[in-house]
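Reader: I would like to go through this model with you before I set anything up. Could you take my questions one at a time?

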Amino acid sequence: MNATVTVVSVHDVGPDTVAIEFETPAEFSALPGQFVKLAGEVDGEEYARFYTLSSPDVEDSFEVTVGVSEEGGPFSRHLAALEPGDTLEMQGPFGSDHYEGESRVVVLAGGPGVGPAVGIGERALADGHDVAIVYLDDAPAHETRLEELAAVGATVMMNDADADLVVHLRDALSGARDDTVFVYGFADFVDRATAALDELGHDGELKVENFG
């Protein structure tokens, strides 16, 4: 769908990272792990970028998490400077590699992949399911939400970006090789994650979103 969305709040969730909450437009429906396209104008130039949902649902509002840096360009800085009441154009949702009520989920997140990781984790726990999250980043975001997930029963493992994924993944799978595994991150992280899964003999469903 195409819609104009209104900003509810923008707040810091980590180094150079913000979470932006929008009012949910009428008839918009999406599941954790899906993504939307946000578009707007910056200094007379039109921009459009894809952002994965970081909220567990879209009942009244939905959230995306945005990394803000010089490399990210003017649109990410524009998003970070939004205020309540500002609007953007949205399309979506997109993506088929999302949470679908699996009884146990393992989420591997690199860098910005923490956004969908916390959304999926919160939704799965609310549904009474088991959750394990492995998150690698030198400058972690959403630490408060990850701590809250761990406090209510999720297995949460955090380490530096270059940590050994095989070691953490072995613990996350807990001996089960048929868990549904979600992988969210940039291409190099996705490659490392899939190689680690192959090394451990994972034969369950794999859902991957490569951020490029």
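Reader: Let me start with a pair of charged residues: are Lys 207 and Glu 102 buried or exposed?

Author: Lys 207 is buried, and Glu 102 is buried as well, where buried means under 20% relative accessible area, exposed means over 50% and partly exposed lies in between, with a 1.4 Å probe and protein chains only. Before we go on, please note that this is a predicted model, in which local features need pLDDT of at least 70 and side-chain atom pairs count only at pLDDT 80 or more, while totals for chains, interfaces and linings use all residues. Residues are numbered from 1 along each chain as its sequence is written, and side-chain values use heavy atoms, with hydrogens and water left out.

Reader: How far apart are the closest N and O atoms of Lys 207 and Glu 102?

Author: They are 2.7 Å apart, and the two residues form a salt bridge, that is, a side-chain nitrogen of Lys or Arg within 4 Å of a carboxyl oxygen of Asp or Glu. Lys 207 sits in strand S11 and Glu 102 in the loop between S6 and S7, 105 residues apart, and the pair links these distant parts of the chain. Helices (H or I, at least four residues) and strands (E, at least two) are DSSP runs, numbered from the N terminus.

Reader: And what does Glu 100 do with Lys 207?

Author: Glu 100 also forms a salt bridge with Lys 207, and there the closest N and O atoms are 2.7 Å apart. Glu 100 lies in the loop between strand S6 (87-94) and strand S7 (104-110), whereas Lys 207 belongs to strand S11 (residues 206-210), so the pair ties together parts that are 107 residues apart in sequence. Glu 100 counts as exposed at 52% relative accessibility, while Lys 207 has a relative accessible area of 1% and is buried.

Reader: How many salt bridges does the count come to?

Author: The count is 6 salt bridges. Among them is the one between Asp 127 and Arg 123, whose closest N and O atoms are 3.7 Å apart; Asp 127 is partly exposed at 37%, and Arg 123 is partly exposed at 23%. Salt bridges also link Glu 63, Glu 122 and Arg 145 in a network.

Reader: Changing topic to the sheet, in what order do its strands run?

Author: The open sheet is formed by 6 strands in the order S4-S3-S6-S1-S2-S5, with antiparallel pairing, and two strands pair if DSSP finds at least two bridges between them. Strand S4 (45-52) and strand S5 (61-67) are the edge strands, each pairing on one side only. On average, neighbouring strands of this sheet are turned by 40° against each other, direction ignored, where axes are lines fitted to C-alpha atoms, for helices over the stretch in contact, and angles run from 0 to 180 degrees between N-to-C directions.

Reader: Which residues stand opposite each other in S6 and its partner strands, say for Lys 37 and Ala 3?

Author: Lys 37 stands opposite Gln 91 in S6, and Ala 39 stands opposite Glu 89 in S6; strand S3 (residues 35-42) and S6 pair in the antiparallel sense over 4 bridges. Ala 3 has Met 90 in S6 as its bridge partner, and S1 and S6 pair in the antiparallel sense over 5 bridges.

Reader: What lies across those strands?

Author: Helix H1 (residues 73-80) lies across S1, S2, S3, S4, S5 and S6, and runs at about 95° to S3.

Reader: Which residues touch the most other members of the largest nonpolar core?

Author: They are Phe 22, Leu 38, Phe 62 and Val 64, in a core of 24 residues. A nonpolar core is a set of buried Ala, Val, Leu, Ile, Met, Phe, Trp, Tyr and Cys residues joined through side-chain atoms within 4.5 Å. S1, S2, S3, S4, S5, H1 and S6 each give two or more residues to this core. The contacts of Leu 38 (heavy atoms within 4.5 Å) include Val 5, Phe 22, Tyr 47, Val 64, Phe 75 and Leu 88, not counting residues up to four places away in sequence.

Reader: One last item: where is Val 13, and how far is Val 13 from Ala 141 in space?

Author: Val 13 is in strand S1 (residues 2-14), and its C-alpha lies 5.5 Å from that of Ala 141, although the two are 128 residues apart in sequence. At 15% relative accessibility Val 13 counts as buried.
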